[in-house]
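I set out to record where charged side chains pair in this model and where nonpolar side chains lie at its surface. The entries below follow the order in which I looked things up.

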Amino acid sequence: MGLFSKLHSRLMSCLAHPSALRWSAVVVPLLFALASVFVIGQDANWDLLNYHLYNAYALLNGRVGNDLAPAAMQSYFNPVLDLPYYLMTKHWSPRTVAFAMGLFHGLDFVFLLLIVKPFVARVKHTNVTVISLALAGCLSAVFVSELGNTMGDNTSSVFVLAGIAVAVTRWDDVVHASGRYLLWIALAGLLIGMGAGAKLTNAVYALAGAVALLLACPGGPVHRLRIASAFSIGVVLGIILTGGYWFLMLWKLYGNPLFPQFNTYFQSDMAGSVGVGDTRWRPKGAVEALLFPFIFALNPSRVGESALYQIALPVLYLLFAFWAIAAVRSRLLRTPAVPERYSFPLEEPSRAHFLLAFAAASYMTWLGIFSIHRYLVPLEMIAPLAIWLLLHRIFKPALARSLTSKVLFSSVIVVLLFRTTWGNVGFGDTAFRVELPPLSQPEKTAVMILQGGQHAWLIPFFPPEIKVASLGSFPESPKFVAEAMRMIDSSAENTYVIFEASKDTRPAQIAKVNRVLAQFGVGRAGVGCEVVRWSIKRNSRLNAEISDTSNSPYCGIAMNSAARRDLVEEDKVIARTSDEFAKAHYGLRIDLPSCATYRAWVGSRQDRYQFCRIFRQS
């Protein structure tokens, strides 16, 4: 027996052990936590720097309602998911924070185990199938791209999957109305509702759960309505639990519990007319909607800012279409849709009908409201199980098993080959660090953030007495602008503005390359330095050349003189452009000679921002 065969035999023996599922529920989340630290690094995504860090700080320091949208409209998103991360960065090392985030995201795998297990209880090699389907669910495009980060999709999906797990594990009670079945289904709704309250995009799954129960639960209309009602009550309670305090606060402050979203209906005078939010990703016409899974599988930029390649969703869509066509054909011809021997390997097929109806309703609701890929993470994670179920419904068991292995293996390979993140950097001594300008009277100081950008994360490091507003990035109403002008007037000579500074990451990249060359002892003469010379000639983005002026005995590189940028002059251009914007839109004047550039660090990455005085034009 070869080495590979021995290892395979040993692995299958371990997985067949009765405690294999329990051990996998511990080991896999730990592996995700370690990957978050050693493979991914510190989170530095755009949303984190725009609003996740600021929103938690604002809530804990009583700034909600006093500051004016420092992070644009996202300033008013529920910060409940941001609080743990913010507090961890205040007290823990960056690597510990990354480990904790990855570990919590690993709970998605644990709940996937609970979801999958009831469906495969009658299948040979149950443990292998359960672990494989759950792991394939986690190795999906969105989950992998957001592992360890703060965007909230992997975090809130824990509540959604927990709710599905309760529903499918207690399905027999629900079907037969035994025990406290209404409490179980209400608990499922409560958990999904908690996910929706924490991140409103999960309302898709709350609606899908109610629809799936109405469609799939056996029994008469009264029983189905009772089940769906109990679930919906749980959803409402869950939303109140994680989001009620926030919605009530916004209602009291602005007369709109979802401020500034849906302001078209609530008409708060602190914001302009805003609808449901970002709808630019939705399909353009019926044909595109019909083919949408294939369109965004080939062109993932169609449904988000980051290219997340995957094939599981178009495969699932095709299988649903095949199943639907077979069902229609059977009704017309009055024949079974598929032979009985191809039916779901379950004692209670309605459990499979529920999960498949949930998947279909989730997709259709998502398609109509958002069509933003990363909001599909719970559906992507249950997709392998849904594919497994449909393949067993359509094909003979042996062929279904073979096709499942090939599809899911291919799906995971595609995700891992094209893996990307939303922005990560190396770890520093602290997660965030900011170089501050001198402020002699912070209690009498107002700071304007001009035209948005990633600047709200700086505010927690300024003195807490300052007042902050954004200009040019919020759906402003006349009252909003008037409040910002009143803030400026009340601060007299202590009003400042923050806006972009030019950035050039190439010097840091070159310094890193030189450190590596020195560590490996690559001399100035020899094959190693020639390989470096050959490599940098083909890296047009680096714009570097072999350094001939260094006194170091090691091979080193330096930036091409023609590629060097004058950051000081670029900053002046940015400042003049910002001044023109402020004059044209708000009658404000930036004191250009007062502008100074300061540094800020996200992990090991250094950023820069400009800080200037600003006045009302006389």
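Entry 1, terms. I take helices to be DSSP runs of H or I with at least four residues, and I number them from the N terminus. I note that the model is predicted.

Entry 2, nonpolar patch. I looked for nonpolar side chains at the surface and found a patch formed by W23, V26, V27, L30, L31, L34, F38, V39 and L103. Together these residues have about 870 Å² of accessible area. I then asked which element gives the largest share of the patch. Helix 2, residues 20–40, supplies that share with 8 residues. I looked up F38 separately and placed this residue in helix 2. F38 has a relative accessible area of 68%, so I entered F38 as exposed, the cut-off being over 50%.

Entry 3, salt bridges overall. I recalled that side chains of opposite charge can pair when their charged atoms come close. My search of the whole structure returned 20 salt bridges. I also noted a network of salt bridges that links D47, D153, K199 and R374.

Entry 4, D172 and R351. I found a salt bridge between D172 and R351, with 3.6 Å between the closest N and O atoms. D172 belongs to helix 10 (residues 171–176) and R351 to helix 18 (residues 349–369), so this pair ties together parts 179 residues apart in sequence. I asked of each partner whether the residue is buried or exposed. D172 is partly exposed at 37% relative accessibility, whereas R351 is buried at 9%.

Entry 5, E435 and R599. I recorded a salt bridge from E435 to R599, whose closest N and O atoms are 2.9 Å apart. E435 sits in the loop between strand 3 (432–434) and strand 4 (446–450), and R599 sits in strand 9 (residues 588–602); the pair therefore ties together parts 164 residues apart in sequence. I entered E435 as partly exposed, with a relative accessible area of 26%. R599 is likewise partly exposed, with a value of 37%.

Entry 6, D571 and R608. I found D571 in a salt bridge with R608, at 3.0 Å between the closest N and O atoms. The pair links distant parts of the chain, 37 residues apart: D571 is in helix 24 (residues 567–586) and R608 is in strand 10 (residues 605–616). I checked the accessibility of this pair as well, and both D571 and R608 are buried.

How values were computed:
Residues are numbered from 1 along each chain as its sequence is written. This is a predicted model: local features need pLDDT of at least 70, side-chain atom pairs count only at pLDDT 80 or more; totals for chains, interfaces and linings use all residues. Side-chain values use heavy atoms; hydrogens and water are left out. Helices (H or I, at least four residues) and strands (E, at least two) are DSSP runs, numbered from the N terminus. Buried means under 20% relative accessible area, exposed over 50%, partly exposed in between (1.4 Å probe, protein chains only). Patches are made of residues with over 30% relative accessible area and no salt bridge: like charges are joined within 9 Å, nonpolar side chains (Val, Leu, Ile, Met, Phe, Trp, Tyr) within 5 Å. Accessible areas come from the Shrake-Rupley method with a 1.4 Å probe; for residues, only the protein chains shown count as cover.
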